[in-house]
Amino acid sequence: MKKKSKSVVSYNKWGYIFLIPFVVVFIVFQLIPLISTVYYSFFTYYEDGLDVIGPKPNGINNYIALFSAKKEGEMNFMIGLKNTMIMWILGFIPQIILSLLFAAWFSDPSLRLKGQRFFKTVIYLPNLIMASAFSMLFFTLFSTVGPVNDILKSLGIIKESYDFMAHTGSVRGLVAFMNCLMWFGNTTILLLAGMMGIDPALFEAAEVDGATARQVFWRITMPILKPILIYVVITSLIGGLQMFDVPQILTNTKGSPNNTATTLIMFLNRHLYSKNYGMGGALSVILFFITAILSLVVFKFSGNSDKYGKK
Amino acid sequence: MKKRLLALSMAAIMTVGSLTACGGETPAAPAENQESTESTTSTSTTEAEPTKAPELDTTVEATDISEEVEGKVLNIYCWNEEFKSRLTDHYPGYEVVDATTGKIGDITVQWNITPSDDNAYQNNLDDTLKKQDGAADDEKIDLFLVEADYALKYVDTPYTLPVTDLGIDLSELSNQYKYTQDVMTSSDGTLKGVSWQGCPGVLIYNREAAKEVLGSDDPADVQAAVKDWDTYKATAADMKAKGYYMTATVNDTYRTFSNNVSVPWVSADKKVQVDDNIKKWVDDSKEMYDAGQIKSTENLWGEAWNTGFYPDGKVFCYFGPAWLINFCMAADVEGSIANLGGWGATEGPQGFFWGGTWICAAAGTDNKATVADIMRKLTVDKDIMVDIVKADDDFVNNQPAMEELAASDYTSAVFGGQNPLGMFAAGAKNIALDKISAYDQGCNEEFQNAMKDYFDGNSDYDTALNKFYDAITTKYPALSY
């Protein structure tokens, strides 16, 4: 008896030793910055030219300044959140539809799709391009003197160049389109993995009972896929909240027109311009809580499926 | 199942973690920062009056530096290739090693070039300057360049050395245009930097368009058509009728308005103020853009702006100083108007200046003699300066030499055989840089950005103005309005 417990302890020891690298990296690069971010969010602390102002405590003034309803044309947290969410939803809806469709096709044995491997690779490819490069490409393609305008003009669809970057709809649309294009492959792979995990016996049984393909999809595939689907939605939402490089580069840092394409992180980036750690910290802290709550949602849903035991 | 749970929670932790890592940069060593705040408060109170031009104290004597040992590496910080090409082409004994290094004697010249957009150059420079004390001698910045838009930010700091500390006597610099020294004079009367160029601006017009629309490409005739803003607008309508745009972007005329202001962007108590003349720029540009006389609302340096460098772009004029024509207008590209010698120069509706580059010695440099020699060769040596004019069409900071050249038979190839130096020389004498502030680059950029929405019809003027105030106070939290 004694011997057994000893061996358990020594295994535990190795467990802890192997955890050390992660814990050290986590503490140094994540936990300490996290704590100091929260700490400095209660300070006035920025640079003025070559001078550093602060840090001096200012209570929750940074948070108030972030949310204060200002005059028309000015930027605050809620505008940033709204822009971010609109662009995320615009991109995510087509993304999830495409992904479900592709995943269903790829996982359907009766379709016997040829060249599956090839297509799986191809749809994932846009994700491998750096977002900034992708964004730069679109910036050039859609500029007033770019090829898209040239083509539209030579086809006679438009007479004058259309300034894609000067209209809210086209800027948001382009951002959403790029995000969708970059991420639908990734989502497809995730959903596909989920669908492949479903017991084929269920599909066979449904077929024997005379269910249509649509019924099989909605009554069998979707309910079983729910945890994966929620995971996909929430992780995409967290990624969406951090949307930065695509709109930043597409609008040349301006979030134009009228700050309708300024995302939260772009707003954060502007505060860091003069190394304003106070305001930047406050914004980060709020984002942190939003993200933490969303992560808990994932956690809860994936936990729920455990209750019913193994499928 | 457990594994998945673990994986999911790990994923959640990592995403949360990465967000904070991305959001909250840890400010380094707050104790040190606090100290520097205290030590700099005294300087910031003295520089609080940007409108008052400090007088240069001419009694300061040059320090003797002949005893000092030269370091092996000369680190130069700048934002484009212009200064590098000046040094390569005109500094005696400069050898090119590769794209980012060169040699002067046995000293290695190390170039650190960061583009100036969105203050990237300044941020990089500032970070390095702050670490200057602790850096190894060969890592220290020895020489850096500043532009008029933010020169004041560096003039009154201990990060720049007075030129007299480099062994340069002020009497050596007597041929330079006075404004180039006024800008770099600190509040205690020392000169902190010198420039090799003068940047009076002119109206650069497309000769082809002038002939077609105005019937003549003679500078005097063109000047009559653009002599004030009302005539300028009337000419724009004629240009439009013949299929030409007056300017490529709304921002082309910006400097002519922003240089003729009665108050600086930022007042002594750090309040942002929009001058009436800048408002006039907004009104005029809006009117002309809506009438289709201006091609685009995009930024300078953008693609739409570049189109006018070529005959197909159908742009009548640009506003700029000498360096713009030589350095930016595609003079070496086959088929461009500059390459064909198709530009002409005339005074335009109002005098203005744009840019200008000053050479500063960084405090802590171990190459004082080399820095001083570069300053002497490029900003004092008449032969070299005349060479710069002849080779690069630049306008140099040497009043007698420029007046001599203006009267000579010097002609400029990009201007189709015109000698624009008289115009520049006259302009340079009138430049006054007393309405500048340390925040000008940010103010100019943000104001143009905010007004773009107004020009595009996406917002009214007041909303755009609010957006400017909001953006500028976010960019510079020290400012208010």
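Chain A of this predicted model has a secondary structure of 12 helices and two strands. Read from the N terminus, the elements follow the order α-β-β-α-α-α-α-α-α-α-α-α-α-α. The C-alpha trace of chain A extends over about 80 × 70 × 30 Å along its principal axes. The radius of gyration of chain A is 25 Å, whereas a compact globule of 311 residues would have a value near 19 Å.

Two helix pairs in chain A show how its elements are packed, and helix 7 takes part in each of them. The first pair to consider joins helix 3, residues 77–107, to helix 7 of chain A; the two pack at an angle of about 35°, and their axes lie 6 Å apart. The crossing in which helix 3 of chain A passes helix 7 of chain A is right-handed. In the contact between these two helices of chain A, 20 residues are nonpolar, eight are polar and one is charged.

The second pair consists of helix 4, residues 116–124, and helix 7, residues 168–196, of chain A. Here the packing angle is about 135°, and 7 Å separate the axes. Angles over 145 degrees count as roughly antiparallel and 65 to 115 as roughly perpendicular, with the rest, once those under 35 are set aside as roughly parallel, being oblique; helix 4 and helix 7 of chain A are therefore oblique to each other. On the side of helix 4 of chain A, the contact is made by Lys120(A), Ile123(A) and Tyr124(A). Helix 7 of chain A contributes Phe184(A), Gly185(A), Asn186(A), Thr188(A) and Ile189(A). By class, the residues of this contact between helix 4 and helix 7 of chain A comprise four nonpolar, three polar and one charged.

Chain B can be approached through its domains. Its domain assignment gives domain 1, covering 73–198 + 355–380, and domain 2, covering 200–353 + 429–475. Taken over C-alpha atoms, the centres of domain 1 and domain 2 of chain B are 29 Å apart. Their contact draws 14 residues from domain 1 of chain B and 15 residues from domain 2 of chain B.

On the side of domain 1 of chain B that touches domain 2 of chain B, the elements giving two or more residues are helix 5 (151–155) and helix 6 (178–183) of chain B. Helix 6 of chain B gives the most to this side, namely three residues. The residues on this side of domain 1 of chain B divide into five nonpolar, five polar and four charged.

Note on methods. Residues numbered from 1 in each chain as written. Chains lettered and ligands numbered in written order. Predicted model: local features only at pLDDT ≥ 70, side-chain atom pairs only at ≥ 80, totals over all residues. Axes fitted to C-alpha atoms, helices over the stretch in contact; angles between N-to-C directions. Helix = DSSP H or I, 4+ residues; strand = E, 2+ residues; numbered from the N terminus. Contact = placed C-beta atoms within 7 Å. Nonpolar A, V, L, I, M, F, W, Y, C, P; charged D, E, K, R; others polar. Left-handed = near helix turned anticlockwise from the far one by under 90°. Domains from an automatic or database assignment. Rg over C-alpha atoms; globule rule 2.2 N^0.38 Å.
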